[in-house]
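Good morning. I will take a few minutes to walk through one structure, and I will keep to what can be pointed at on the screen.

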Amino acid sequence: MTSNVLSTMNYRLTILGLFVFAGPALAQTPRVAIDAQAFELANGLRVIVHRDTTIPVVTTNIWYHAGSARERPGRTGFAHLFEHIMFEGSRNVPEGRIDEWFEEAGGSPNGSTSRDRTNYFQTFSRNALDMALFIEADRMGFLLDAMSRASVDGQRDVVKNERRQSYDNRPYGLASQILSEHLYPEGHPYRWPVVGYMDDLTRAEYDDVVDFFRRYYAPNNATLAIAGDVDPAETRRLVEKWFGALPRGEPVPELAVETPPLSGETRIALEDRVQLPRLYLTWRSPAAWSEDDAVAAAAARVLGGGKNSRLFRRLVYELQIADDVRVSHGGEKLAGEFDVVATARAGHTLDELLRVIDEEVARLAAEPPTDHELMRVVNQYEVGFLESLESVGAKADRLNYYMFHLGQPNGFQRDLERVQAVTPEAVASFARQWLRPDRRVVLSIVPRGQSTLAASRSRILDAKNMADSPGAR
């Protein structure tokens, strides 16, 4: 079948310099280029091929643009449920053979689900590429031929048990769900947990699952990245051989969702089976690749990126009122979240931690980081970025990430440059604009019977039926 060429990037993976300390300035700026070819099949499947002959292995990484954000209230958990069902076999791949066949080729198949996408990935011996593409194409095109009500019920029980282990029965496990429910308004697709709610999973009908697959698991809603010791021309031939005849699905429209700003501060507390109280502060922050996305990431590292960060020094070293503190910014398609998480040391309250965190956030807004602080942050990011490129698996996933957010896979240099362009004043401006105390959620998780350790003025949550959707509680 004829395919349409999207683009071809004739660059080789090269590192043309590294940051080194040279007073207040950076001596060199690294440049990264990846040799990748991108093309599109007639059915809409977009394919990215990157050749890396360092070692004789290959990675396949397919993104279906169908994460939990594609669900709706009352029908949550479908995207993650499909992550499990896709390993159950398809028309020409018997149940249990996916793991077996990949293990024989030195691989271990896996998958993950986020709000924005579900992906399936594996790294294996280079001589098994034909088999890997056959498996991916068969479950894309013919999963429903093998899926039964019994297999759906079986995997539903697996997912429900995973929810119990990761959320309901894990110390602090409900934090992310509680924060999302208070960060986003009713009906917003980021409001519910990726794993779904128990009552929604229980109510899911077989026909609902079939409809989700037909709507989102189509070639025109997927991107396939292949990286490793491959011949690009032969790889393209194999992709067209296995995927070319699969039919295009109905167009999947972009999510058009507004995320209004928070109108005030929300303080909530949960008594849980924990030993130490933990404080969570979460603000809405820039979406992935929007303005200030990279600035938000730099601000997170200044505040809590390692033992030399501002909050770690004050809370853990100087005042010794916290056992740990971490700060992160995660930008996704529709919105981002900026999180500060700190665990109190025995004998201290979360109000003590909150006071110091507020002081340091206010200081960042008033006093930009020094050149040295920002240099450390950029260096940390760069080292992690370059180390990730040593793995063909990480490169394949990043190629898919860039294709999803930028519409083309060659975003490596742009990714580095946006971090390198961050200025101290931009970090301070971000803190003033986004990290306002009147636009955040403050969650305290404290040992049972010790609500006095929570941040003051917190509303105590009822932990009963937290596994169910809000409408069922």
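I will go through a hairpin, a sheet with its helices, some aromatic rings and one serine.

Please keep in mind that this is a predicted model.

Start with the hairpin. Strand 6 covers residues 36–41, and five of its six residues are buried. Strand 7, residues 46–51, pairs with strand 6 in the antiparallel sense, and there are five bridges between the two. If you want one position to look at, take F39, which stands opposite V47 in strand 7. Four residues lie between the two strands of this hairpin. One residue in the turn, G44, has a positive phi of about 100°.

F39 has another neighbour to point out. R236 lies over the face of F39, at 4.3 Å from the ring centre. A second arrangement of this kind involves R278 and Y172: the charged end of R278 sits over the ring, 3.7 Å from the centre.

Now the sheet. In what order do the six strands of the open sheet run? The order is 14-15-13-16-12-17, and the pairing is mixed. At the edges are strand 14, residues 322–331, and strand 17, residues 459–460, each of which pairs on one side only. Strand 17 pairs with strand 12, residues 265–272, in the parallel sense over two bridges. There, I268 stands opposite R459 in strand 17.

Two helices that pack on this sheet are worth finding. Helix 5, residues 175–183, touches strands 12, 13, 15, 16 and 17. The direction of helix 5 makes about 150° with that of strand 16. Helix 9, residues 293–304, also packs on the sheet, touching strand 14 and strand 15. The direction of helix 9 makes about 175° with that of strand 14.

Next, the aromatic rings. How many aromatic pairs does a search of the whole structure find? It finds 24. Take F134 and W242: their ring centres are 5.1 Å apart and their planes are at 55°, so this pair counts as tilted. The pair links distant parts of the chain, since F134 is in helix 3, W242 is in helix 8, and 108 residues separate them. Are these two residues buried or exposed? F134 is buried because its relative accessible area is 17%, and the cut-off for buried is under 20%. W242 has 27% relative accessibility, so it counts as partly exposed.

The other pair I picked is F312 and Y317. The ring centres of F312 and Y317 are 5.3 Å apart and the planes are at 75°, so the pair is edge-to-face. F312 is buried, at 12% relative accessible area, whereas Y317 is partly exposed, at 44%. There is also an aromatic cluster, whose members include Y64, F78, Y120 and Y217.

Last, one serine. S151 is placed in helix 4, residues 149–168. Why is S151 called buried? Its relative accessible area is 18%, and buried means under 20%. The side chain of S151 reaches the backbone oxygen of S148 at 2.8 Å. For a sense of scale, pick S309, which is 158 residues from S151 along the chain: the two C-alpha atoms are separated by 49 Å.

That is the end of the walk-through.

Note on methods:
Residues are numbered from 1 along each chain as its sequence is written. This is a predicted model: local features need pLDDT of at least 70, side-chain atom pairs count only at pLDDT 80 or more; totals for chains, interfaces and linings use all residues. Side-chain values use heavy atoms; hydrogens and water are left out. Buried means under 20% relative accessible area, exposed over 50%, partly exposed in between (1.4 Å probe, protein chains only). Two strands pair if DSSP finds at least two bridges between them. A polar contact is a pair of N or O atoms within 3.5 Å; within protein, one must be able to donate a hydrogen and the other to accept it, and residues adjacent in sequence count only if both atoms are side-chain atoms. Contact means heavy atoms within 4.5 Å. Axes are lines fitted to C-alpha atoms, for helices over the stretch in contact, and angles run from 0 to 180 degrees between N-to-C directions. Rings of Phe, Tyr and Trp (its six-membered ring) pair if their centres lie within 6.5 Å; planes under 30 degrees apart count as stacked, over 60 as edge-to-face and the rest as tilted. A charge sits over a ring if NZ of Lys or CZ of Arg is within 6 Å of the ring centre and within 35 degrees of the ring normal.
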